[in-house]
Amino acid sequence: MKKISKKKLLSLFLSVFSILTITFPQSVYAYTPNLSIVSDTYVVIDMETGQVLIEKNKDKRKAPASITKIMTLALALQRGNLDDKITVSREAAYSIEPNSTHIALEPGEIVTFRDVVMATQLISANDAANVVAEYVGGTMTTFVDLMNSKVHDLGLQNTHFANPNGLDKKGHYSSAADMAEITRFALSVPGFAEVFGSTEYKMPRTNIKDRGYRFLVQNAMMNKNSKYYYDGILGGKLGYTWDANHTLVALAERNDMKLIVVTMDSKGTAAKFNDAAKLLDYCFNNYQKITLSPHDIGVKEVPVSDVNTPSAKIRLSTNTVHSFLAPIGTTNNYKIVYNVPEYYVNSRDINPTFSVITPDDVVVYTAPLTFSIEEIVKPSGTEVTPTARLGTGDAVADSIMIAFFMLLIIVFVGFFVYLSYRVFIMMGYGIRKQTRKNKRMLLEKRQKNARERNREQVSFIRKERERIYDEIDRVDINHLKSSYKKSVQKNVSKYYASKRNV
């Protein structure tokens, strides 16, 4: 028989060939040190990888307030043109709380998409956020559906949006960890980083109002004249509502590290700035960036366990430089492990990864590996004999062989079914025969017992009859004796009476 072409096997594997394009780290090496943080929940992550560095209650659901607008602006910038003209609708202008932040947009007012985007970012104008949502989604309801669809795509479990502006509403919630991931997504949208880092914008005249005033950033961490200004800040967004309390998201860079900090449910305006600064300072001062080259990660070969391809192997490697953050002073203590089986089966999905772990077996970074299928080159004159083969290389012959084996299987199954049927029939006959025998023996036993009882009853009757006859005889004799005595006494009396008469 001819061997199956290994090219066919290679084509099968190469059809699922995977190239690494983005890392998906999962870090559990996060601390919760005592930094006197006021915020109820917080998290700091590496913007590049999403690695969690420090956190507290990061998955706890909270009202997000205006940091909701990060998702609103990201989706809008994906779909909109900043120079587009927009006519403000009545619903967008008036469907906000009277005392909430706004720029007094009026129905029929014509503004640019850039105007409402910058108003949404810099002064958190809720009417501007509504206009953005309507411009992109057609209606605010449709836009909210887009927001929640993106939440699902990002795999977030603790976020659901009910409006585009962040005002308190039932079913509107998020978490510190989810908001950090939403910010990571937003920063990947072209143009968002520039908007996120803006500090002022002058809105021009519209068809209704001669505005001519500037929007200044409300985030004191981004204001160089504020005592809360943070060195290295790249952008941020604030939020406040009655239910949410104070919330904050900020992006900062130092020491070749870009970190995202999220604080939620902060008690006071100053508290959220102080908390964010403490958290960022701690991470910048205690972490360093570690870079792994393809040479550092190395190459791993895993055999393929398949009788038809005994000479195939999977070669695992990476052609990407990987980086992650680690506590300072622990650089030389890490080791790399490959998350792969001892061998692959060609029908099994191939999804190799590697992890960087501490001496205590704590995973600090995980990322996928690329792979390729290769043949093991054998020395000339050697031949590997497989333990089993199917196929001849001829499609017609292979079809005939398969049909023959299928026929054998059908015959075998039919014979097995027939044999089982006969066994069941014989077992049923034996059971019925044994049942009849048992019934006959039971009947005979009952009849025998009945005859014994009859004999005992007859014997009892006979004895009782003899006893009665004996009793009758005794009674008769005593009666005769008594009659004779009376007769003799009577005759004696008559005799003495006759003597007295004489």
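**Helices, hairpins and sheets in a predicted model**

Modeller: Helix α7 is mostly covered, with 10 of its 12 residues buried. Keep in mind that this is a predicted model.

Biologist: What makes a residue of α7 count as buried?

Modeller: A relative accessible area under 20% is needed. Ala176, Ala177, Asp178, Met179, Ala180, Ile182, Thr183, Phe185, Ala186 and Leu187 are buried in α7, so each of them falls under that cut-off.

Biologist: What covers the buried residues of α7?

Modeller: The cover includes the helices α2, α6 and α8 (192–196). It also includes the strands β1 (41–46), β8 (245–254) and β9 (257–266).

Biologist: How do you know that the span of α7 agrees with the expected one?

Modeller: Set the two values side by side. The 12 residues of α7 (176–187) should span 16 Å at 1.5 Å a residue. The end C-alpha atoms are 17 Å apart, which agrees.

Biologist: What about helix α5, residues 126–137?

Modeller: α5 has 12 residues and reaches 16 Å from its first C-alpha to its last. That is close to the 16 Å expected at 1.5 Å a residue.

Biologist: Why is α5 called largely enclosed?

Modeller: Because 11 of its 12 residues are buried. Among them are Asn126, Asp127, Asn130 and Glu134, and also Val131, Val132 and Val136. The rest of the structure encloses α5. Its cover includes α2 (69–79), β3 (85–87), α3 (90–94), α4 (113–122) and α6 (140–153).

Biologist: Which residue follows α5, and what is the sign of its phi?

Modeller: Gly138 follows α5, and its phi is positive, near 90°.

Biologist: Why is α2 called roughly perpendicular to α6?

Modeller: Their axes come within 10 Å and cross at roughly 100°. Angles from 65 to 115 degrees count as roughly perpendicular. The crossing angle lies in that range, which makes α2 roughly perpendicular to α6.

Biologist: Which residues make that contact?

Modeller: From α2 come Met71, Thr72, Leu75 and Arg79. From α6 come Phe143, Leu146, Met147, Lys150 and Val151. By class, the contact of α2 with α6 has six nonpolar, one polar and two charged residues.

Biologist: Now the sheets. What is the order of the five strands in the open sheet?

Modeller: The order is β2-β1-β9-β8-β7, and the pairing is antiparallel.

Biologist: What makes β2 and β7 edge strands?

Modeller: β2 (52–56) and β7 each pair on one side only. The twist in this sheet averages 5° from one strand to the next.

Biologist: How do you know that β7 and β8 pair?

Modeller: Pairing needs at least two bridges. Eight bridges join β7 (residues 233–241) to β8, and the two run antiparallel, so the pair passes the cut-off. Leu238 stands opposite Leu248 in β8. The two strands form a hairpin with three residues between them.

Biologist: How many bridges link β8 and β9?

Modeller: Eight bridges, again in the antiparallel sense. Ala250 has Val261 of β9 as its bridge partner. This hairpin has two residues between its strands.

Biologist: Why is β8 called largely enclosed?

Modeller: Because seven of its 10 residues are buried.

Biologist: Are Asn255 and Asp256 buried or exposed?

Modeller: Both sit in the loop between β8 and β9. The cut-off for exposed is over 50%. Asn255 has 56% relative accessibility, so Asn255 counts as exposed. Asp256 has a relative accessible area of 53%, so Asp256 is exposed too.

Biologist: What is the sign of phi at Asn255 and at Asp256?

Modeller: Positive at Asn255, about 50°, although Asn255 is not a glycine. Asp256 is not a glycine either, and its phi is positive at about 65°.

Biologist: What is the strand order in the open sheet of three strands?

Modeller: The order is β14-β15-β16, with antiparallel pairing.

Biologist: Why do β14 and β16 stand at the edges?

Modeller: Because β14 (335–339) and β16 (363–368) each have a single partner strand. One side of each is therefore left without a neighbour in the sheet. Neighbouring strands here are turned by 25° against each other on average, direction ignored.

Biologist: How do you know that β14 and β15 pair?

Modeller: Five bridges join β14 to β15 (residues 353–357), and the strands run antiparallel. At least two bridges are required, so β14 and β15 qualify. Tyr338 stands opposite Phe354 in β15.

Conventions: Residues are numbered from 1 along each chain as its sequence is written. This is a predicted model: local features need pLDDT of at least 70, side-chain atom pairs count only at pLDDT 80 or more; totals for chains, interfaces and linings use all residues. Side-chain values use heavy atoms; hydrogens and water are left out. Helices (H or I, at least four residues) and strands (E, at least two) are DSSP runs, numbered from the N terminus. The expected span of a helix is 1.5 Å times one less than its number of residues. Buried means under 20% relative accessible area, exposed over 50%, partly exposed in between (1.4 Å probe, protein chains only). Contact means heavy atoms within 4.5 Å. Axes are lines fitted to C-alpha atoms, for helices over the stretch in contact, and angles run from 0 to 180 degrees between N-to-C directions. Angles under 35 degrees count as roughly parallel, over 145 as roughly antiparallel, 65 to 115 as roughly perpendicular and the rest as oblique. Ala, Val, Leu, Ile, Met, Phe, Trp, Tyr, Cys and Pro count as nonpolar, Asp, Glu, Lys and Arg as charged, and the others, Gly among them, as polar.
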